[in-house]
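Morning, everyone. Please have a look at the model on the screen, and then I'll walk you through it.

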Amino acid sequence: MLLSSVIIGAVKITRRGIVSIIGLLAILMVAVTFSQVSNLYVLAGLAFFIGFFMTFVYIRSFPPFMKKLMGELWGV
């Protein structure tokens, strides 16, 4: 996750929505592969990719939703 955070900080991403959708699809593909593999070393590598792609999804899409949700929870 640290590596992908550094990449996001260094590269200007203009199409944030597309990046989030591609990240979600990548996580889906990695998760399906993760469920089918029995080699421990491959599973560790796939876990790395899940964290790598999750950073792209989280930074771009979750904070606006959380801001709205927190305002509703606190009655703002």
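**Helices, a buried face and a surface patch**

Let's start with one residue. At 2% relative accessibility, Val 57 counts as buried. Buried here means under 20% relative accessible area. Val 57 sits in helix α3. Now look across to Gly 17. Val 57 and Gly 17 are 40 residues apart in sequence. In space, their C-alpha atoms are 9.0 Å apart. Keep in mind that this is a predicted model.

Let's step back to the whole chain. How many helices and strands does the protein chain have? The count is 3 helices and 0 strands. Along the sequence, the pattern reads α-α-α. The protein chain has 76 residues, and 22% of them are buried. Now the contacts. Take those with a sequence separation of 6 or more. Of these, 70% join residues 24 or more positions apart.

Let's look at one such pair of helices. Phe 56 lies in helix α3. Is Phe 56 buried or exposed? Phe 56 is buried, with a relative accessible area of 12%. What does Phe 56 touch, once residues up to four places away in sequence are left out? The answer is Ser 4, Ile 7, Ile 8, Val 19 and Ser 20.

Take Val 19 from that list. Val 19 belongs to helix α2. Val 19 and Phe 56 are 37 residues apart in sequence. Their C-alpha atoms are 6.9 Å apart in space. Beyond neighbours within four places in sequence, Val 19 is in contact with Ile 13 and Phe 56. Ser 20 tells a similar story. Ser 20 and Phe 56 are 36 residues apart along the chain, and 6.1 Å separates their C-alpha atoms.

Now for α2 itself. Helix α2 covers residues 16-36, so to speak its full run, and has 21 residues. From its first C-alpha to its last, α2 reaches 31 Å. That is close to the 30 Å expected at 1.5 Å a residue. Which residues of α2 are buried? They are Ser 20, Gly 23, Ala 26, Ile 27 and Val 30. Seen down the axis of α2, the buried residues fall within an arc of 125 degrees, so they line one face of the helix. Here is the background for that spacing. An α-helix has 3.6 residues a turn, so residues three or four places apart point the same way. And the other side of α2? There, Ile 22, Leu 28, Met 29, Ser 35 and Gln 36 are exposed.

Last stop, the surface. The accessible surface of the protein chain comes to about 5800 Å². Carbon and sulfur atoms account for 75% of that surface. Which residues make the nonpolar surface patch? Leu 3, Ile 7, Val 11, Phe 48 and Phe 49 make it, over about 430 Å². Helices α1 (2-10) and α3 (40-74) each supply at least two residues of the nonpolar patch. Val 11 is placed in the loop between α1 and α2. Val 11 is partly exposed, at 46% relative accessible area. Ile 7 turns up twice today: in this patch, and among the residues that Phe 56 touches.

That's my tour. Questions, please.

Methods: Residues numbered from 1 in each chain as written. Predicted model: local features only at pLDDT ≥ 70, side-chain atom pairs only at ≥ 80, totals over all residues. Heavy atoms only, no water. Helix = DSSP H or I, 4+ residues; strand = E, 2+ residues; numbered from the N terminus. Expected span 1.5 Å × (residues − 1). Buried < 20%, exposed > 50% of the residue type's maximum accessible area, 1.4 Å probe, protein only. Arc of directions from axis to C-beta. Contact = heavy atoms within 4.5 Å. Areas by Shrake-Rupley, 256 points an atom, 1.4 Å probe, with all protein chains shown as cover. Patch = residues over 30% accessible without salt bridge, like charges linked within 9 Å, V, L, I, M, F, W, Y side chains within 5 Å. Salt bridge = Lys/Arg side-chain N within 4 Å of Asp/Glu carboxyl O.
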